[in-house]
Amino acid sequence: FPPALSTSNDMKTHSLFSTRLLGGSPWLAAAAALLGLLAPLRSSAVESLIVVASSTTSRSASADYVCDGTADDVEIQQAIDALPTLGGTVCLTDGTFNLSAMLDLGTKAHTKIVGSGPGTILKISSGANINALRGVEILDVTLADFAIDGNNANNSAGNGLQFPDSGAAGIKMERLYIYNVAESAITVAADEVSIRDCEIHDCGGGILINDDAEKCYVLNSRIHEIGLGAGQTANGISGQGSLCHFENNVIWNVSDNGLTLSSGDNDGHNVAIGNEVYLAGNSGINTGGADHDIIIGNVCYANGRKLTTPRSNAGIFLRDRIDGTHTSSDAIIVGNRCYEDTTHFPLPGGAVGQLYGLHLHHDTGHSPLNSVAVSNDFRGNLTSGIFRENVGAGVVLQTNLGDTTLGDYAFQLQIAE
């Protein structure tokens, strides 16, 4: 559609255009009239902006809803519910919004919830034990420029953002700050989700992409201090979906793996490129039974920091699913740098450190198959560059620096276990 004619002057100009310049042509006049009819629809869509003010902001005078600092979810939910079917934007001012109940997007479409930056804080009230926000079968929803404080010192349960339905799609999360959440910062079962330029820290879990999800993207985000509470074990990013892309993220100080690629339906086809992972309890990047994963240009160092016996101690851990259902196969591992660094990150007592650059392993008899690891730099690990514990047919290991078994520039084709 052309730009809306939303003011009286616009309509007058439109009228002059149709009568003077169209030469009285009936079909052109009808088209011009149709544009006039469409204008209010476009105008109403553009004007669907609802402002919710916190109790502490100086910007409350122009707000549609003003919170009082107690159960602020009531006013925010009213604003969300007031959006028209065609969608719109709820704008949150700076300040803290205290949530006693979960915000629910329901089945909204074409909706935006935007704040004013990290100074817009959705804080879970003490004892609420809730998710901050949830959406089911939502479509084309954007969440941007606000923070979530899970207040985990006073809550034992609750996620930051939760999208549990595979019928949802097109969710965008940008410039979010999520911290102090009792459980996971973000859980997703939807398709075509993008998480970009976010900061997540001090949460029970990081980003969980469930096995129903496809085509999810986590880009340029920082994830740290994850799963460090008593009895907690969590990954920075748990990628259980397929056709997902993880790029340019920095992940550190997490209790389990930095990034896992373990498609629940064994489909895989995930990509990890240009990520930096360090100080993970187990491995930097861990594949668990997914196929056709591509792992390129990542830097994984100073991992294996778990104080109890870890399942893995490698920069990259290529392995089967621990439930015995499938092996990892057809992986491509190229141009990664994996090393230990006890100079800058001394080993805590009881930790073994990053023993290997690449570890090929199975728990249940399903060895890695038909995979390629070439032109990686695996120098500087505590035991060896590559640990060939369990290697299946069709595995190619070539020109990997630090591979002392064969020499830095040697070639191996494993044709049978």
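What share of the contacts in the protein chain with a separation of 6 or more comes from residues 24 or more positions apart? In this predicted model, such residues account for 67% of those contacts.

**Overall make-up**

The protein chain has 417 residues, and 53% of them are buried. Its secondary structure consists of 3 helices and 36 strands. About 16,900 Å² of the protein chain is exposed, and 54% of that area is supplied by carbon and sulfur atoms.

**The open sheet**

Ten strands come together in one open sheet, and the pairing in it is parallel. The order across this sheet is β4-β7-β10-β13-β16-β19-β22-β25-β28-β31. At the edges are β4, residues 95-99, and β31, residues 337-339, each of which pairs on one side only. From one strand to the next, the twist averages 10 degrees.

At the β4 edge, the partner strand is β7, which covers residues 120-124. The two run parallel and are joined by 5 bridges. One of the bridge pairs is formed by G95 and T120, the latter in β7. In general, strands of a sheet pair through backbone hydrogen bonds, in either a parallel or an antiparallel way.

**Strand β3 and its partners**

Strand β3 spans residues 88-92, and 5 of its 5 residues are buried. The side chains divide into two sets: G88, V90 and L92 point one way, while T89 and C91 point the other way. Both sets are buried. In a regular strand, side chains alternate between the two faces of the sheet.

β3 pairs with β1, residues 49-53, in the parallel sense over 4 bridges. Here L49 stands opposite T89 of β3. β3 also pairs with β6, residues 109-114, again in the parallel sense and over 4 bridges. In that pairing C91 is opposite V114 of β6.

**Aromatic residues**

The structure contains 6 aromatic pairs. Two of them are set out below.

| Pair | Distance between ring centres | Angle between planes | Type |
|---|---|---|---|
| Y278 and Y301 | 4.9 Å | 10 degrees | stacked |
| Y301 and Y339 | 5.2 Å | 5 degrees | stacked |

Why do Y278 and Y301 count as a stacked pair? Their planes are at 10 degrees, and planes under 30 degrees apart count as stacked. Y278 belongs to strand β25 (residues 276-280) and Y301 to strand β28 (residues 299-301), so this pair ties together parts that are 23 residues apart in sequence. Y301 also takes part in the pair with Y339. Because Y301 lies in strand β28 and Y339 in strand β31, that pair ties together parts that are 38 residues apart in sequence.

Y278 counts as buried, with 14% relative accessibility. Y301 is buried as well, at 8% relative accessibility. Y278, Y301 and Y339 belong to one aromatic cluster, together with W252 and F345.

**I295 in strand β27**

Is I295 buried or exposed? I295 has a relative accessible area of 0% and is therefore buried. The residue lies in strand β27, which runs over residues 294-296. Leaving aside neighbours within four places in sequence, I295 is in contact with L261, A272, I285, T287, I316, I332, I333, V334 and N336. One of these contacts, I285, is 10 residues from I295 in sequence, and the C-alpha to C-alpha distance between the two is 8.8 Å.

**Cysteines**

A disulfide is a covalent bond between the sulfur atoms of two cysteines. How many disulfides does the structure have? With a cut-off of 2.5 Å between cysteine sulfur atoms, the count comes to 0 disulfides. For C300, the nearest cysteine sulfur is that of C338, 4.5 Å away. That distance is not within 2.5 Å, so C300 is in no disulfide. C300 is buried, with a relative accessible area of 0%. C67 is buried too, at a relative accessible area of 4%.

Technical notes:
Residues are numbered from 1 along each chain as its sequence is written. This is a predicted model: local features need pLDDT of at least 70, side-chain atom pairs count only at pLDDT 80 or more; totals for chains, interfaces and linings use all residues. Side-chain values use heavy atoms; hydrogens and water are left out. Buried means under 20% relative accessible area, exposed over 50%, partly exposed in between (1.4 Å probe, protein chains only). Contact means heavy atoms within 4.5 Å. Accessible areas come from the Shrake-Rupley method with a 1.4 Å probe; for residues, only the protein chains shown count as cover. Two strands pair if DSSP finds at least two bridges between them. Axes are lines fitted to C-alpha atoms, for helices over the stretch in contact, and angles run from 0 to 180 degrees between N-to-C directions. Rings of Phe, Tyr and Trp (its six-membered ring) pair if their centres lie within 6.5 Å; planes under 30 degrees apart count as stacked, over 60 as edge-to-face and the rest as tilted.
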